[in-house]
Every structure is written in structure tokens, then in C-alpha cells.
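The exercises below ask for a careful reading of one structure, from the confidence of the model to individual side-chain pairs. Try each task on the coordinates before reading its solution.

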Amino acid sequence: MKNYAQQQKLILLSQITNKYFQRRDFSGCDLSGIDLKGIDLSGVNFIGADLRGANLSGCVLTRANLSGANLIEANLCEANLYEASLCEANLINADLTRANLCGTFLWRVKLTGSNLWGASLCDVDLREADLSEAKLIEASLIEANLSFANLAGAKLCGAKLLEANLTEANLTGADLTWANLTKANLNKANLWKTNLIYAKLRDTIMPDGTIEQPQIMIY
């Protein structure tokens, strides 16, 4: 016999998946562990919702509001989060492999240890975000705003950071092997023990304000 909490989750799931259901507000709801794989959740309000361990892989979450939501260890693999809001959301150890986050608002989001391999993060707002130890291998961060972000120990091998704003970002121990930093702004960024081997630094503003003209290799 299912307990009350399980029954409530089943009711919420049936409401969300019912094509005739008009209510789109699940702010503050306990949806931890729920399986919503592949469902169209565009524009849904999940502000402050508990989505720990939820399966949102392949979901359409365009313009959804997940600000302040708890998404620890959630599965968002290949989810479409175009122009969604995840400001101050907790995505520690979440799986965002190949997710579309273009134009997403990620101010002060917690992405520690998250997997963003091959994710699209063009023109995202990641100011003051915590991306320490995150996997951003081959991710696209073109024109992303990463000012004051914490990228300590992050894996950015082959990442595209063209015209990205990394002003005063913490890149201590980050791996930027083969990353493209053309026209990126690294003014006052912390590059202590950062791996920039084979990184493209053309017209890149360096921490001391100088501009790198040729493509160079730093060991």
C-alpha cells in the first residue's frame, strides 16, 4: 500500500501529463525522484520545487521557471532549457549532458560536480555561479557571462568560450586544454595552475589586461 507522499506524487504526475490539464504551477511541490522523461513542460512554474533525483531527460523546459529549485542529482540529459530560469537553483551532481541551455538564466546556480559534457550554453547568464569540478568538456559557452563564477577544478577541454565574459572568474586548477578563448575576457581572472595547453588565445584579454594577439601555447 502506497504511503501518502507516494500517492501525492502519482497525483501530481497524472496532472502534469494530462494533456487537458491547465494548471502549470508546481512551485514548492515535492517532486523528488519523479519520472517525467520526455514530457513537454515548457513554461511550467517549478520555483522552489524539490526535484532531487528527478528524471527530466529529454524534457522540453523552454521558458520554464526553476529558480531556487532543488535539482541535486537530477537527470536533465538532452533536456531543452532554452531561456529557462534556474537562478539560485541547486544542480549539484546533476546530469546535463548535451542539454540545450542557450539563453538560460543561471545566476548564482550551484553546478558543483555536474556533467555538462557537450551542453549548449551560448549567451547564458552564469554570473557568480558555482561550477567547481564540473565537466564542461566540448561544451559551447559562446558569449556566456561567467563573471565572478567559480570554475575551480572544472574540466573545459575543447570548450568553446568565444567572447565569453570571465572577468574575475576563479579558474584555479581548471583544465582548458584545446579550449577556444578567442576574444574572451579574462580580466582579473584567477589562472593559478590552470591548464591552457593548446588553448586558442587570439584577441583574448588576459588577467593583467593585456591582449593576446597570436594563437599561443602556455605550459
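## Confidence of the model

Among the elements of the protein, helix 1 has the lowest mean pLDDT, 63, and strand 1 the highest, 97, where pLDDT is the predictor's confidence in each residue, from 0 to 100, and helices (H or I, at least four residues) and strands (E, at least two) are DSSP runs numbered from the N terminus. This is a predicted model, in which local features need pLDDT of at least 70 and side-chain atom pairs count only at pLDDT 80 or more, while totals for chains, interfaces and linings use all residues. Residues are numbered from 1 along each chain as its sequence is written, and side-chain values use heavy atoms, with hydrogens and water left out.

**Exercise 1.** Determine the average pLDDT of the protein, and then examine residues 215-219.

*Solution.* The protein averages a pLDDT of 91, and 87% of the residues score at least 70. Over residues 215-219, however, the pLDDT is below 50, although this stretch has ten contacts in the model beyond near neighbours in sequence, a contact meaning heavy atoms within 4.5 Å. Where pLDDT is low, the predicted coordinates should not be read in detail.

## Salt bridges

**Exercise 2.** Find the salt bridges formed by Arg 63 and Arg 108, and state where the partners lie and how accessible they are.

*Solution.* A salt bridge is a side-chain nitrogen of Lys or Arg within 4 Å of a carboxyl oxygen of Asp or Glu, and a search of the whole structure finds five of them.

- Arg 63 pairs with Glu 83, the closest N and O atoms being 3.1 Å apart. This pair links distant parts of the chain, 20 residues apart, with both Arg 63 and Glu 83 in the loop between helix 1 and strand 1.
- For accessibility, buried means under 20% relative accessible area, exposed over 50%, and partly exposed in between (1.4 Å probe, protein chains only). Arg 63 is therefore exposed at 52%, whereas Glu 83, at 30%, is partly exposed.
- Arg 108 forms a salt bridge with Glu 128, with 2.9 Å between the closest N and O atoms. Because Arg 108 and Glu 128 both lie in the loop between helix 1 and strand 1, the pair ties together parts that are 20 residues apart in sequence.
- Arg 108 is partly exposed at 37%, and Glu 128 is also partly exposed, at 37%.

**Exercise 3.** Is Asp 125, which meets Arg 127 in a salt bridge, buried or exposed?

*Solution.* The side chains of Arg 127 and Asp 125 meet at 2.8 Å, N to O. Asp 125 has a relative accessibility of 16%, so Asp 125 counts as buried, while Arg 127, at 33%, is partly exposed.

## Surroundings of two loop residues

**Exercise 4.** Describe the settings of Thr 177 and Asn 187.

*Solution.* Begin with Thr 177, which is found in the loop between helix 1 and strand 1 and is buried, with a relative accessible area of 16%. Beyond residues up to four places away in sequence, Thr 177 touches Leu 156, Cys 157, Gly 158, Asn 195 and Ile 197.

Turn next to Asn 187, which lies in the loop between helix 1 (4-17) and strand 1 (204-205) and, at 25% relative accessibility, counts as partly exposed. Its contacts, leaving aside neighbours within four places in sequence, include Leu 166, Glu 168, Ile 205 and Gly 209. Asn 187 and Glu 168 are 19 residues apart in sequence, yet their C-alpha atoms are 6.3 Å apart in space.
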